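Trainee: I have a new model open and would like to learn how to read it. Could we go through it together?

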Amino acid sequence: MGTVIDSHFLVLTAIVTVGYQFFFFVITALLKFDKVTDFAGSTNFIILAVLTFVLKASWFFRQVVLTLLVVIWGIRLALFLLLRILHWGEDRRFDEMRNNLGKLAIFWIFQAVWVWTVSLPVTVVNASDRDLSLQDADIIGWIMWAVGIAVEATADQQKLLFKNSPENRGKWCTIGLWKYSRHPNYFGEILLWWGIFVASSPVLEGAEWLVIVGPIFLTLLLLFVSGIPLLEESADKKFGNVGPYRVYKKTTSPLIPLPPAVYRNLPLWFKATLLFEFPFYSRNLPQEEPNWCRTSQEENKDGLKIR
């Protein structure tokens, strides 16, 4: 049972992932029903973890733990995202895709690549014949995962409660963890997957270390592609001309939670280099008027002569 198509289950997991995502792509394309998109992604992780664990049938403790961590994360995220989209209605990300089969297909292909790539550490650990005793890396990785999922789940719940309150309609979330990070849920997501990689590292040998591409891919995806950039653009277009929002954006870390008083006083080069405050996150933020311009407008409002 241990060897299925290839010794590391790489081909098998690729076939399963493509088939699973294709099934939901067909549903979305034919029925214009995009409420199961995130559910399909999250549950795909669970399927790969459990499938490789059962097929290998080694039952090593490290395999049990890492598989369980993925299952817990996947169930939590899948149910949360599914209930959220059912409550809020259509997924706005698909407004331009529902009638464009090409764009829709690209999205689902990208989701398949995301699932397969990020799952690599667990896939390779579950395929391994090495059963080493627990090491510091295991404990460190499990702690990183625990902190990460706690942050992600807390941030998701806080934002959901905030947006469900009628008095907060038309506002951006600044409560709880969102006071210290503009995207604390993504911080938790990145941290927990790096934790899974760290916990998998004791059994990695040679080319198996290439599974680091999993957490790297996820990090780059959230920092530069479909995570923070899209949400920053959306928020800037909605609230970019609102003074308190501009203050929030300037004084709140984009990813790593930090007290605003600390983040506010850090130099720009430090923020851009170590805290991921990239300039393109603000490319859609309306430019502030110069002080002299605002002063002139205020004077004109008061009926004073402007020279």
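Mentor: Gladly! One term to begin with: a residue is called buried when its relative accessible area is under 20%, exposed when over 50%, and partly exposed in between. Keep in mind that this is a predicted model.

Trainee: Is Phe197 buried or exposed?

Mentor: Buried means under 20% relative accessible area. Phe197 has a relative accessible area of 7%, so this residue is buried.

Trainee: And what about Trp209, is that residue buried, exposed or partly exposed?

Mentor: The range between 20% and 50% counts as partly exposed. Trp209 has a relative accessible area of 41%, so the answer is partly exposed.

Trainee: What kind of aromatic pair do Phe197 and Trp209 form?

Mentor: Phe197 sits in helix α7, while Trp209 is in the loop between α7 and α8, 12 residues apart. Their ring centres are 6.2 Å apart, with 75° between the planes. Planes over 60 degrees apart have their own name, and this pair is edge-to-face.

Trainee: How do α7 and α8 run relative to each other?

Mentor: Helix α7 and helix α8 pack at an angle of about 170°, with their axes 9 Å apart. Angles over 145 degrees count as roughly antiparallel, so α7 is, relative to α8, roughly antiparallel.

Trainee: Which residues have the most contacts inside the largest nonpolar core?

Mentor: That core has 39 residues, and helices α7 and α8 each supply at least two of them. One of its residues, Trp73, touches Trp145 and Leu192, among others. The residues with the most contacts inside the core are Phe45, Trp73 and Trp193.

How values were computed
Residues numbered from 1 in each chain as written. Predicted model: local features only at pLDDT ≥ 70, side-chain atom pairs only at ≥ 80, totals over all residues. Heavy atoms only, no water. Axes fitted to C-alpha atoms, helices over the stretch in contact; angles between N-to-C directions. Helix = DSSP H or I, 4+ residues; strand = E, 2+ residues; numbered from the N terminus. Parallel < 35°, antiparallel > 145°, perpendicular 65-115°, else oblique. Core = buried A, V, L, I, M, F, W, Y, C linked by side-chain atoms within 4.5 Å. Buried < 20%, exposed > 50% of the residue type's maximum accessible area, 1.4 Å probe, protein only. Contact = heavy atoms within 4.5 Å. Phe/Tyr/Trp six-rings, centres within 6.5 Å; stacked < 30°, edge-to-face > 60°. Lists of a residue's contacts leave out its neighbours within four places in sequence.
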